[in-house]
Amino acid sequence: MSGTPAAPRGVVHCADGVAVARTLEDESVDLVYLDPPFNTGRRQTREQLRTRRAEDGEGDRTGFGGRRYETERLGSRSFEDARDDYLGFLEPFLVEAQRVLAPSGSLYLHLDYREVHYAKVLADGIFGRVNFVNEIIWAYDYGARPKRRWPAKHDNILFYAKDAARNRFNAEDIERIPYMAPGLVGPEKAARGKLPTDTWWHTIVSPTGKEKLGYPTQKPLGVLERIVSASSPPGGLVCDFVAGSGTTGEAALRHGRRFILADSSPEAFEVMRRRFAACDGVVFREQAEVRLPLPLRERAGGEGPAAGEA
Ligand SMILES: C[S@@+](CC[C@H](N)C(=O)[O-])C[C@H]1O[C@@H](n2cnc3c(N)ncnc32)[C@H](O)[C@@H]1O
């Protein structure tokens, strides 16, 4: 026996994300995804509900086939989302992301229509305008439709390269999607599907579906899996310094990448603890530690965990 403990596949920190990022070496990370709290000026809250079949004539709502259901309120989760100085909050995250990314590395910065334009100017200043690669529009169709304006049903994801000339983009590994008009392209192409463009149609995490963990603003695994598969190498290191429910970590595990996640909220930490409880090789830290035990320079082609092991 060598006595050397196996390197973890993932580390989850309950700590300030900038503090965690500052413990990492320069150019040691393949992909950073950041989904900072939007500057919505209100507290984000999600009620956790459970529905149970009820006797006929009882319960508080009617479902499929006229069956009656009763809703049980289990509690709620929330985090503060009102920041006077949003760009001041964001800037150290971007500075650290730029520093830790490898020369072939990528940042995906997930925002909404309220902040994206200000954040783009800030990020251009840190990454360099030439390293801005795409603005991805994640379009969904769910929730209320105000009648006084166009209902806002998209998020904006800014994709930056550390160095556009050396950026990794695994086009062959991206899951293809059906053509809108398959009759126009011939059977072979139609069967193969096409590469997604910079506009991604993807449902939100269904409030009643299996994927939902009850954390506010949980992002769909499908969106993160696309980012991880396109912009990191097998066995590479993926980081999320505002990790929430840990979607980035699950996408990383599913695609055989290692991960470091941080969130300053104990509620988020608990959600991630549960999410990864059954995953071998995921460790939990109550605070940022000075040095992380991940072999940070293990690179493309290295032995990562098999896809789908999560
Ligand atoms: C929009 S949520 C992230 C959701 C996540 N992408 C998911 O799929 O679940 C933003 C998160 O940032 C966290 N946060 C805010 N300030 C932070 C900080 N300084 N360091 C680490 N996390 C922070 C909040 O606690 C919240 O969980």
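Colleague: Before we start, what makes a residue count as buried here?

Modeller: This is a predicted model, and burial is judged by counting other C-beta atoms within 10 Å of a residue's own. With 12 or fewer the residue is exposed, and in between it is partly exposed. To be called buried, it needs 20 or more.

Colleague: Then how many of the five residues of β1 are buried?

Modeller: Take the two faces in turn. Gly10, Val12 and Cys14 sit on one side and are buried, and so are Val11 and His13 on the other. The strand is therefore largely enclosed by the rest of the structure, and the count of buried residues is five of the five.

Colleague: Which residue in β11 stands opposite Cys14?

Modeller: Start with the strands: β1 and β11 run parallel and are joined by five bridges. β1 also pairs with β12 in the parallel sense, over four bridges, and there Gly10 has Val282 as its bridge partner. On the β11 side, the residue opposite Cys14 is Asp263.

Colleague: Zooming out, which strands are the edges of the sheet?

Modeller: Nine strands make up an open sheet with mixed pairing, in the order β9-β7-β8-β6-β2-β10-β11-β1-β12. An edge strand pairs on one side only, and that picks out β9 (199–201) and β12 (282–285).

Colleague: And how does helix α6 point relative to β11?

Modeller: Across the sheet, the twist averages 15 degrees from one strand to the next. Helix α6 (residues 247–254) packs on that sheet and touches β1, β2, β10 and β11. Its direction makes an angle with that of β11 of about 175 degrees.

Colleague: What about α7, at what angle does that helix run to β1?

Modeller: Helix α7 covers residues 266–275. It lies across β1, β11 and β12, and its angle to β1 is about 155 degrees.

Colleague: Which residue in β8 is the bridge partner of Leu107?

Modeller: Strand β6 (residues 101–111) and strand β8 (residues 154–161) run antiparallel, with six bridges between them. Leu107 pairs across to β8, where its partner is Tyr160.

Colleague: Is Leu237 buried or exposed?

Modeller: Leu237 lies in strand β10. In space, its C-alpha is 8.4 Å from that of Ala252, which is 15 residues away in sequence. Because Leu237 has 29 C-beta neighbours inside 10 Å, it counts as buried.

Colleague: In the largest nonpolar core, which residues touch the most other members?

Modeller: In soluble globular proteins, nonpolar side chains tend to be buried together. Here the largest such core has 60 residues. Val32, for one, contacts Ala97, Leu101, Leu107 and Cys239, leaving aside its neighbours within four places in sequence. The members touching the most others are Val29, Val32 and Leu109.

Colleague: Which residues are closest to the ligand?

Modeller: The ligand has 20 residues around it. By class, that shell holds eight nonpolar, eight polar and four charged residues. The closest are Gly17, Val242, Gly244, Ser245 and Ser265.

Colleague: Anything odd in the backbone, say at Glu27: what is its phi?

Modeller: Most residues other than glycine have a negative phi. Glu27 is in the loop between α1 and β2, and it is partly exposed because 15 other C-beta atoms lie within 10 Å. Its phi is positive, near 55 degrees.

Colleague: And Thr217, what is the phi there?

Modeller: Thr217 lies in the loop between β9 and α5. It has 18 C-beta neighbours inside 10 Å, so it counts as partly exposed. Although Thr217 is not a glycine, its phi is positive, at about 65 degrees.

Note on methods: Residues are numbered from 1 along each chain as its sequence is written. This is a predicted model: local features need pLDDT of at least 70, side-chain atom pairs count only at pLDDT 80 or more; totals for chains, interfaces and linings use all residues. A nonpolar core is a set of buried Ala, Val, Leu, Ile, Met, Phe, Trp, Tyr and Cys residues joined through C-beta atoms within 7 Å. Two residues are in contact if their C-beta atoms, placed from the backbone, lie within 7 Å. A residue is near a molecule or strand if its C-beta atom, placed from the backbone, lies within 6 Å of it. Ala, Val, Leu, Ile, Met, Phe, Trp, Tyr, Cys and Pro count as nonpolar, Asp, Glu, Lys and Arg as charged, and the others, Gly among them, as polar. Two strands pair if DSSP finds at least two bridges between them. Helices (H or I, at least four residues) and strands (E, at least two) are DSSP runs, numbered from the N terminus. Axes are lines fitted to C-alpha atoms, for helices over the stretch in contact, and angles run from 0 to 180 degrees between N-to-C directions.
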